[in-house]
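Work through the exercises below with the sequence and the coordinates side by side. Each task is followed by a solution that proceeds step by step.

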Amino acid sequence: MSDLRHLMSPMDFTVEELERMFDVAVDIENNMEAYSHKCDGKIMATCFYEPSTRTRLSFETAMLRLGGKVIGFADANSSSAAKGESVSDTIRVISCFADICAMRHPKEGAPMVAASKSLIPVINAGDGGHQHPTQTLTDLLTIRSLQGSLSNFTIGLCGDLKFGRTVHSLINALVRYENIKFIFISPPELRVPDYITEMLQIRGIEYKEVIKLEDVMPELDLLYMTRVQKERFFNEEDYIRLRNFYILDKAKMEKAKPTMHVLHPLPRVNEISVDVDDDERAAYFKQVQYGLYVRMALILTLLDMTDDHVNEGLLKKY
Ligand code: NCD
């Protein structure tokens with residue numbers, strides 16, 4: 001079990017390993033059928049202690065599309081957590097049933113505790129306001145596919161930069177690539193945490209913080225919108241005051257480059273007006289599709305089941 005691998009943070013994989021995983025994901029996109037029996041006989045457990053639609057269903061679809069099966073729960077109240085069972089005990093039990101586990105938990109670090117006791121690979125499917133590495137893999141693959149590379153662009157991250165775990169994970173992952181400039185767009189109350197700006201300063205990475213989205217629109221190659229994270233607010237009044245701070249609409253899109261893509265991890269509340277959906281620069285539903293391919297590639301990677309088929313396929317193509 002010494003070579004058992006988990007995914008807690010996007011940094012658990014080197015840039016080269018991520019490239020390989022993304023190549024597998026692209027191969028899956030082009031040859032889905034070839035992967036439909038890769039995980040025959042394998043079982044994935046999805047243990048979700050916090051609400052989710054797309055992440056859980058994306059994991060489950062990924063395993064089903066690979067020919068495997070899924071078990072799990074979508075709500076802490078329907079698991080033994082409601083009786084007081086610890087995450088450590090739950091994962092020891094799940095290890096007896098499944099080959100791999102995806103876990104979402106409201107407490108930062110809970111999937112890490114689970115991984116330390118687990119006999120099977122554990123994937124952090126979101127832990128509190130901390131990290132959301134598979135959303136980051138999704139975002140990176142989407143950016144690579146849309147931009148052609150993961151270097152040389154200006155990305156605006158807009159909305160709840162304080163509580164948004166997808167933002168924290170994505171910034172962490174992007175600093176490993178060349179020549180990326182960050183523009184943080186948020187109300188002062190929802191600024192990106194200091195530990196992130198300090199990390200950028202130490203690494204000498206260019207960033208700026210602004211309040212108005214309109215002002216920076218023309219500079220952006222990518223705009224990553226996020227929802228205000230209602231469930232992490234301490235009081236309702238603050239949430240109500242901040243929830244409509246940004247609404248991306250057609251008028252604002254007119255100020256953007258014709259090549260700028262809009263991403264959003266979803267769910268959207270009202271921060272992107274639905275009339276933007278028809279704009280060909282709106283890439284957030286495509287992003288969901290990439291999320292499926294990359295989760296399939298991740299499952300194969302953690303189960304050590306990627307094989308030469310991909311390399312052969314890629315060699316033929318390039
Ligand atoms: C994100 C999350 O759970 O952090 N959603 C997702 O997994 N796609 C973003 C959010 O909830 O706002």
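**Exercise 1. Pair the strands β1 and β3, and place them in their sheet.**

Begin with the pair itself: strand β1 (residues 43-48) and strand β3 (residues 100-105) run in the parallel sense and share five bridges, where strands are DSSP runs of E with at least two residues, numbered from the N terminus as helices are (H or I, at least four residues), and pairing requires at least two DSSP bridges between two strands. Within this pair, A45 stands opposite C101 of β3. Next, extend the view to the open sheet, whose four strands follow the order β2-β1-β3-β4 with parallel pairing. Because β2 (69-73) and β4 (122-127) are at the edges with a single partner strand each, one side of each has no neighbour in the sheet. Finally, neighbouring strands here are turned by 15 degrees against each other on average, direction ignored, with axes taken as lines fitted to C-alpha atoms (for helices, over the stretch in contact) and angles running from 0 to 180 degrees between N-to-C directions.

**Exercise 2. State how far the model can be trusted, and where caution is due.**

The model is predicted, so local features are given only at pLDDT of at least 70 and side-chain atom pairs only at pLDDT 80 or more, whereas totals for chains, interfaces and linings use all residues. Residues are numbered from 1 along each chain as its sequence is written, and side-chain values use heavy atoms, leaving out hydrogens and water. The mean pLDDT (the predictor's confidence in each residue, from 0 to 100) is 93, and 96% of the residues reach 70 or more. Over residues 313-318, however, the pLDDT is below 50, and beyond near neighbours in sequence this stretch has three contacts (heavy atoms within 4.5 Å) in the model. Where pLDDT is low, the predicted coordinates should not be read in detail.

**Exercise 3. Describe the five-stranded sheet and the helices that lie on it.**

First, the strand order of this open sheet is β7-β6-β5-β8-β9, with parallel pairing. The edge strands are β7 (207-210) and β9 (261-263), and since each has a single partner strand, one side of each is left without a neighbour in the sheet. The average turn between neighbouring strands is 20 degrees, direction ignored. Inside the sheet, six bridges join β5 (residues 153-158) to β6 (residues 180-185), and L157 stands opposite F184 in β6. Helix α7 (residues 194-203) packs on the sheet, touching β6 and β7, and its direction makes about 150 degrees with that of β7. Helix α5 lies across β5, β8 and β9, running at about 170 degrees to β9.

**Exercise 4. Which angle and axis distance describe the packing of α5 on α11?**

The helices α5 (residues 133-147) and α11 (residues 284-302) pack at an angle of about 115 degrees, with their axes 8 Å apart. Among the residues that meet are L137, L141 and T142 in α5, and Y290, V294 and L298 in α11.

**Exercise 5. Locate a salt bridge and two backbone features.**

R232 forms a salt bridge (a side-chain nitrogen of Lys or Arg within 4 Å of a carboxyl oxygen of Asp or Glu) with E50, the closest N and O atoms being 3.2 Å apart. This pair links distant parts of the chain, 182 residues apart. Turning to the backbone, the peptide bond from L266 to P267 is cis, with omega near 5 degrees, and P267 lies in the loop between β9 and α11. N152, although not a glycine, has a positive phi of about 60 degrees, and N152 is located in the loop between α5 and β5.
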